[in-house]
Amino acid sequence: MTSLHPPHPLRRRPLPLSEPARSATDWQTELRCDDAALDELAEEWDVLAARCRSATPFQAVGWQASWWRAYGRPGALRVVLVRREGVLVGAVALHRTRTGTLTGLGGGLIDYTDVLLDDEHAAEAASRLAAALPVRRPWQALELREVRAGSAAHLLYAAWTGRRHQLADSVCQYLPAVPMEQLMTRLPGRTAQRSRAKQRKLADTGVEARRVPAAEAGAAMADLLRLHALQWQSRRVTPEHLSEHFRAHLVESTGRLARSGQAVVYRYYLGGELMAVDLLMLCPRLAGLYLYGAHPGLRERLDIAGLLFGTSLQEAVQAGVPELSLMRGEEPYKERWRPDRERNLRLLLGPRRCAVRLTLRLAVVRSRVALAPHLRGPVRRLRALLRR
């Protein structure tokens, strides 16, 4: 297996030296509700994201503005901003659902939700961002899904003076970003032997991994989605991955993220034929395996997980990223590598008094969690019946 690795652009800019504390008049907050807000804020938004250590590519304006164009409902965008001396130091973009609940942008398509807080002023910015949230009426509530430990959103949660609740959300899994041979030392003896044998087979078959130039990354998503649909044609696929909305969003967002060094796309060839495409997200905190598509014939011949992990680990090591995230899910192909596990949280915020919407939302979420174990069996049987 061969790959091309130009110098990687992902590097965090240094923070300026601390300044003396300033008066409250140096702080300003703003609520924007116009659909063009994210595009108009693009430059300072990404400058702030670069100064927030917990930010991931899902918080970059390239992802958020693209998602809004594909999925947003006109008039439902709420962008809350905090500035200090005119400089943006806190921000969050929210979507008002038809039921009135505010949520982070991205829906079920993102693995990590967060707000943006300048690391140098995080505590004060969180307090002012919390005070500016449009969640003061009984029919208002804020729900943030998939919040990882250490995220800036936890500072917002701590600063909230109204009612608040946190619940368990999805499990994400992680591997240390080290060379493949070093990763093998995590595996039990026989498992490590089998994995090494599969890596040798990959090398012997001559699979070629080509790093897609940033300018062509968006266009490569058409191949990724075509192969993704093909690999799942006889199994249960995520329906949204086949939609035109998702295609448009993935093409635009990947192109913008690749140009800023926050996304990398690989094409894999065997005998000159394109067999797989995968999309890797990159930020200083982690590298994340977001989505891939592979021809079913490749699965029958090679270890696809080993193939994708190999190039992703190389990218992460080169970029100086400490973790390779396998994102949400507990699939068997991930478990084989003995990853570390961490559960995201769901944060719910409501007004101090008469938090009607928050109470209703909390009841719905808890009932779904309680019923889920009892519904899994019948749902699986129904799906099996429908596939006959």
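**Salt bridges and burial in a predicted model**

Me: Is R32 buried or exposed in this predicted model?
Reply: The relative accessible area of R32 is 14%, and a residue with a value under 20% is classed as buried. Because 14% lies under that cut-off, R32 is buried.

Me: With which residue does the side chain of R32 meet in a salt bridge?
Reply: A salt bridge needs a side-chain nitrogen of Lys or Arg within 4 Å of a carboxyl oxygen of Asp or Glu, and for R32 the N to O distance is 2.7 Å. The partner has a relative accessible area of 28%, which makes this residue partly exposed. The residue that meets R32 in this salt bridge is D34.

Me: How many residues apart are E120 and R51, which form a salt bridge?
Reply: The closest N and O atoms of E120 and R51 are 3.6 Å apart. E120 sits in the loop between β5 and α4, whereas R51 sits in the loop between α2 and α3, so that the pair links distant parts of the chain. Along the chain, their separation is 69 residues.

Me: Which residue of the pair E120 and R51 counts as buried?
Reply: The cut-off for buried is under 20% relative accessible area. E120 has a value of 23% and is therefore partly exposed, while the partner in the salt bridge has 15%. The residue that counts as buried is R51.

Me: In which strand is E143, the salt-bridge partner of R361?
Reply: R361 and E143 form a salt bridge whose closest N and O atoms are 2.8 Å apart. The pair links distant parts of the chain, 218 residues apart, with R361 placed in helix α13, which covers residues 356–387. E143 lies in the strand of residues 141–147, namely β6.

Me: What is the relative accessibility of E143?
Reply: E143 counts as buried, and that class requires a value under 20%. The value for E143 satisfies this cut-off, being 4%.

Me: Which residues are linked with R145 and E146 in a network of salt bridges?
Reply: Side chains of opposite charge can pair when their charged atoms come close. In this structure, a network of salt bridges links R145 and E146. The other members of the network are D111, D169 and R328.

Me: What percentage of the residues in the chain is buried?
Reply: The chain contains 13 helices and 13 strands, and the structure holds 30 salt bridges. Of the 388 residues in the chain, the buried ones make up 52%.

Notes: Residues are numbered from 1 along each chain as its sequence is written. This is a predicted model: local features need pLDDT of at least 70, side-chain atom pairs count only at pLDDT 80 or more; totals for chains, interfaces and linings use all residues. Side-chain values use heavy atoms; hydrogens and water are left out. Buried means under 20% relative accessible area, exposed over 50%, partly exposed in between (1.4 Å probe, protein chains only). Helices (H or I, at least four residues) and strands (E, at least two) are DSSP runs, numbered from the N terminus.
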